[in-house]
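Biologist: I would like to go through a model feature by feature. Please give the general idea each time, then the case at hand.

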Amino acid sequence: MLWEPPTAWCDWTDWPGATPEQIADSDFDTLIADRTPAEETAAALGLTTEHVRLYCDATGTTQPPPHPTTPGLGRRRPRRGMLDPGFLRTTHSSGTLNQSLIARSAGCSLSTVQNALEEAGIPATPRPEPLSLRITREELEQAYLHRRLSIPDIAEQFGLDRHRLNLLAKKWGIEIRPNSATSNPFALLPDAPALSESMAAISNIRNCVERLRRLVRLPGQRNLCAAARSLGTLPATLTHQLHALEKAAGVQLIERTSPLAATPAGTALIHEAEHLLSLLDAAQSSVT
């Protein structure tokens, strides 16, 4: 039993707006049957939301549902960039999920990253499989030190994450080359021949194949300017590329005479380059 004060006790105020008796029960029932939210029900009947609730209490009618809440602007917009669910799942599956690093890179707080993980249904603490179970030290040394493949290419070949593979190489004491992202372009040749020390160093240079193709055509040219015109490039570009080759090889390859002539070391390296380039061209033509 609930006690209610007599109506006469509440003579200091009137019921604002329509009284419960003035509200058409049929109109209210129709709105309730359609599950119209309380806010819209109040607007349709010319009432406030509180009046609707008071009417329901006074008549014993089920209250209409509240208006569905809308998320804030940040929640309505899809996550993008490093907070994109696809990117987060990839980093989680590869075992490289680092919430602090993602927060710094995305320019957001750590809690925002954690919220994005929760929205995507991604566990916050992945337990990746140790890379040593998928590649041995001997396999890594053979691919990286002897075949001189790049870390990204080895990672792709073994289905690994290149950043974790790089850390594993350092853990095993394998010295990382300055250009560790560049593969020896001749490493994937069938029965790839062993490279001389000078050629192995040159193979780490970006676009080394293009530079070797120009190198083999230098002997006999009148000078570097004439050679540049013959090769369709600028003299400064050709000079820079030749210096880069000689720096990598550790010896002078071309005598700046007129005409240009190869040094003894340059002659040996040019013969090796011609053999490697012919193998590379044959392999590419067989694919096409």
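Modeller: What follows goes from the whole chain to single helices, cores and residues.
This is a predicted model, in which local features need pLDDT of at least 70 and side-chain atom pairs count only at pLDDT 80 or more, while totals for chains, interfaces and linings use all residues. Residues are numbered from 1 along each chain as its sequence is written, and side-chain values use heavy atoms, with hydrogens and water left out.

Biologist: How many helices and strands does the protein chain have?

Modeller: Helices (H or I, at least four residues) and strands (E, at least two) are DSSP runs, numbered from the N terminus. In the protein chain there are 15 helices and two strands.

Biologist: How is burial read, and what percentage of the 288 residues counts as buried?

Modeller: Buried means under 20% relative accessible area, exposed over 50%, and partly exposed in between (1.4 Å probe, protein chains only). Of the 288 residues, 34% count as buried. Accessible areas come from the Shrake-Rupley method with a 1.4 Å probe, and for residues only the protein chains shown count as cover. The protein chain exposes about 17,900 Å², of which carbon and sulfur atoms supply 53%.

Biologist: And contacts along the sequence?

Modeller: Contact means heavy atoms within 4.5 Å. Among contacts between residues at least 6 apart in sequence, 60% join residues at least 24 apart.

Biologist: Which residues of helix 2 are buried, and which are exposed on the other side?

Modeller: One looks at the arc, taken from the directions from the helix axis to the C-beta atoms. In helix 2 (residues 38-45), the buried residues include Ala-38, Thr-41 and Ala-42. These lie on the same side of helix 2, because they cover an arc of only 100° around the axis. Ala-43 and Ala-44 are exposed on the other side. Helix 1 (25-33) and helix 3 (49-59) are among what covers the buried residues of helix 2. After helix 2 comes Gly-46, with a positive phi near 75°.

Biologist: What do the buried residues of helix 8 pack against?

Modeller: The buried residues of helix 8 (residues 137-146) are Leu-140, Ala-143 and Tyr-144. They cover an arc of only 85° around the axis, so they are on the same side of helix 8. They pack against helix 9 and helix 10. Glu-138 and His-146 are exposed on the other side of helix 8. Just after helix 8, Arg-148 has a positive phi of about 60°.

Biologist: Take one residue from helix 9 and one from helix 10. What do they touch?

Modeller: Ala-155 sits in helix 9 (residues 151-158) and counts as buried because its relative accessibility is 3%. Beyond its neighbours within four places in sequence, Ala-155 is in contact with Leu-160, Asp-161, Arg-162 and Leu-165. Its C-alpha is 9.8 Å from that of Leu-140, a residue 15 places apart from it in sequence.
Asn-166 lies in helix 10 (residues 162-171). At 19% relative accessibility, Asn-166 also counts as buried. Not counting residues up to four places away in sequence, Asn-166 touches Ile-151 and Ile-176.

Biologist: Which elements give two or more residues to the largest nonpolar core?

Modeller: A nonpolar core is a set of buried Ala, Val, Leu, Ile, Met, Phe, Trp, Tyr and Cys residues joined through side-chain atoms within 4.5 Å. The largest one has 28 residues, and Leu-212, Leu-215, Leu-218, Ile-254 and Leu-269 have the most contacts inside it. The elements that give it two or more residues are helix 11 (197-202), helix 12 (208-215), helix 13 (224-231), helix 14 (235-249) and helix 15 (264-287). Helix 15 supplies the largest share, six residues. A second, separate core has 15 residues, among them Ile-154, Ala-169, Ile-174 and Ala-187.

Biologist: Where is Thr-263 found, and which backbone oxygen lies 2.6 Å from a polar atom of its side chain?

Modeller: Thr-263 is in the loop between strand 2 (261-262) and helix 15, and it is buried, with a relative accessible area of 7%. The backbone oxygen is that of Gln-252.

Biologist: Where is the cis peptide bond?

Modeller: It joins Ser-258 and Pro-259, with omega about 5°. Pro-259 is in the loop between strand 1 (254-255) and strand 2.

Terms used:
A polar contact is a pair of N or O atoms within 3.5 Å; within protein, one must be able to donate a hydrogen and the other to accept it, and residues adjacent in sequence count only if both atoms are side-chain atoms.
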